[in-house]
Amino acid sequence: MWLMTDTRANYVNGEWVSSETGETIDVENPANPSEVVASYQQSNAADAADAVDAAVAAQDDWATTPGPERGRILREAGTILQERKEELTDSLVAEEGKARAEAAGEVQRAIDIFHYFAVKASDLGGTTKSPSGRQKNLYIRQEPVGVAALVTPWNYPIAIPVWKLAPALAAGNTVVLKPASQAPGVVLDVAEALDEAGLPDGVFNVVTGPGSEVGSEFIENEGTDAVSFTGSSHVGEMVYEQATDSGKRVQTELGGKNPTVVTDSADPAEAAEIVATGGFGTTGQSCTGCSRAIVDEEVYDDFVAELVDRAESIDVGPGNDHEMGPQASESELEGTLDYIEIAQNEGATLVAGGGQPEGEEVEDGYFVEPTVFTDVESDMRIAQEEVFGPVVAVLKVSDFEEGLAVANDVPYGLSASVVTDDHTEANRFIDEAEAGVVKVNEKTTGLELHVPFGGFKRSSSETWREQGDAGLDFYTIEKTVYDNY
């Protein structure tokens, strides 16, 4: 078992520094909470303000650093992370609880993102247009926004920070970042890699601690110019209000209640595998996870039988050697068990899981069984609210029209998929599904790094998208130049 029980420092202005509070946060292994994986700084607003000051001081020099040089540093950081992939995977399994294959895939995604934006850094600069008169140049320059404040979640503790950080740095911004307190270690590992790659002091700063202190200071401090947040809709809406009140550019990516519509032309076994992978993968702790299977009555019974078989076949245990790991914390586990009870009280039928697995390996950890409910109505809480655990609600519909209506009948709109052999239905779903990500014959989870990502409705602020060129758009501002000679 990988363990590191020393206390890790914040990374501010190119140095590893302790919080002025003198207090620390212990992070426990969710598969065995008696094991402390590591301790981190319990920082406060003053620590966060110091990080912002460092980022402000470094911004001008970093903004004028040539794009290819910025790209070189990002590429080197990605290479360093590649060399340490096993260590980073160990850390992620120990702190967040992911199954090892999922953790390794997430680390690789972070590496790939650094390499992708390393290339993009050389292409930034602007565009030239034809002027309306002679002896005139007309062009648009892309310039960095300034200091970017990033507040990131625990469920993808290296991938999400990096998909915000890499475009911000590529575009010439300096960055302050507050990782989630449940799994901050891999972000500090990223800081180490960037430091070794030659990133100048103050360009990237990491401060651990509570959102009420560190996050709020980052969001409201007059030195920050842009805020990017990923987390729950409730918190994200407060962050959006805070940031806009402070005059910041802001981007939030929030919760989801993601559907997979299974039509009468779908193969029940194939559809069940798509739903199970999307719903039970990462222990159901993905904002894009499938939590609603909306199934045509013609294939409903066969689909349910297949989904139950798949749920019951999943091997649950510590992430290093099992298919599905624990929930990330006791509060996450309790939240999932509460929703299971709510669903039963509302009249849904529990057909798989619903409790905690038994056995010596799982008796102390935050484990829950993959769970399936049938007889679910669209107005039930289990069909309307984000559970963030391995729970799939199955809703029966009479046809594609009803399935599409039920899919859209939630306040969220992050990811949605349809399983069908009918191309007309697929095209209608693409046109009419109220989601920022729409998939055909594919699970709701899983993203390509070079295309935009974001949601509709309460799943996003709907202001800016993340990843790919859209990610760079958030971290740059355009200046139009009329040059006469």
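## Aromatic pairs

Phe474 and Tyr475 are both buried. In this predicted model, their rings form an edge-to-face pair. The centres lie 4.8 Å apart, and the planes meet at 80°. Trp464 joins Phe474 and Tyr475 in one aromatic cluster.

The structure holds 6 aromatic pairs. Among them is the pair of Tyr116 and Phe117. Here the ring centres are 4.9 Å apart. The planes stand at 85°, so this pair is edge-to-face. The cut-off for that label is an angle over 60 degrees. Phe117 is buried, with a relative accessible area of 2%.

## Lysines over rings

The charged end of Lys98 sits over the ring of Tyr156. The distance to the ring centre is 4.3 Å. Lys98 belongs to the loop between α3 (85-96) and α4 (100-123). Its relative accessibility is 3%, so Lys98 counts as buried. The side chain of Lys98 also makes a polar contact with the side chain of Glu106, at 3.0 Å. Lys98 thus has a ring contact with Tyr156 and a polar contact with Glu106.

A second lysine is placed over a ring. Lys396 lies over the face of Tyr300, 4.6 Å from the ring centre.

## Helix α5

Helix α5 covers residues 159-170. How many of its residues are buried? The count is 12 of 12, so α5 is mostly covered, given that buried means under 20% relative accessible area. The buried set includes Trp163, Lys164 and Leu165. Pro161 and Pro167 are also in the set, as are Ala159 and Ala170.

What span should the 12 residues of α5 have at 1.5 Å a residue? The expected value is 16 Å. The end C-alpha atoms are 16 Å apart, which agrees. After α5 comes Gly172, with a positive phi near 100°.

## A three-strand sheet

β1, β5 and β4 make an open sheet of 3 strands, in the order β1-β5-β4. The pairing is mixed. β1 (7-8) and β4 (24-29) are the edge strands, each paired on one side only.

β5 spans residues 32-41. β1 and β5 run parallel and share 2 bridges. Which residue of β5 is the bridge partner of Arg8? The partner is Tyr40.

## The β6-β7 hairpin

Strand β6 (residues 126-129) and strand β7 (residues 136-144) are antiparallel. They are joined by 4 bridges. Lys129 has Leu138 of β7 as its bridge partner.

The two strands form a hairpin with 6 residues between them. Gln135 lies in the turn, and its phi is positive, about 50°.

## Cysteines

How many disulfides does a search of the whole structure find? The count is 0. Cys287 shows why for its own case: the closest cysteine sulfur, in Cys290, is 13 Å away, too far for a bond. The cut-off for a disulfide is 2.5 Å between the sulfur atoms. Cys290 is in no disulfide either, and its nearest cysteine sulfur is that of Cys287.

Are these cysteines buried or exposed? Cys287 is buried, with a relative accessible area of 15%. Cys290 is buried as well, at 2%.

## Two buried strand residues

Asn258 is in strand β13 (residues 258-262). Asn258 is buried, with a relative accessible area of 1%. A polar atom of the Asn258 side chain lies 3.4 Å from the backbone oxygen of Thr288.

Val481 is in strand β22 (residues 476-484). With a relative accessible area of 18%, Val481 is buried; the limit is under 20%. Val481 and Gly185 are 296 residues apart in sequence. In space, their C-alpha atoms are 44 Å apart.

Technical notes: Residues are numbered from 1 along each chain as its sequence is written. This is a predicted model: local features need pLDDT of at least 70, side-chain atom pairs count only at pLDDT 80 or more; totals for chains, interfaces and linings use all residues. Side-chain values use heavy atoms; hydrogens and water are left out. The expected span of a helix is 1.5 Å times one less than its number of residues. Buried means under 20% relative accessible area, exposed over 50%, partly exposed in between (1.4 Å probe, protein chains only). Two strands pair if DSSP finds at least two bridges between them. Rings of Phe, Tyr and Trp (its six-membered ring) pair if their centres lie within 6.5 Å; planes under 30 degrees apart count as stacked, over 60 as edge-to-face and the rest as tilted. A charge sits over a ring if NZ of Lys or CZ of Arg is within 6 Å of the ring centre and within 35 degrees of the ring normal. A polar contact is a pair of N or O atoms within 3.5 Å; within protein, one must be able to donate a hydrogen and the other to accept it, and residues adjacent in sequence count only if both atoms are side-chain atoms.
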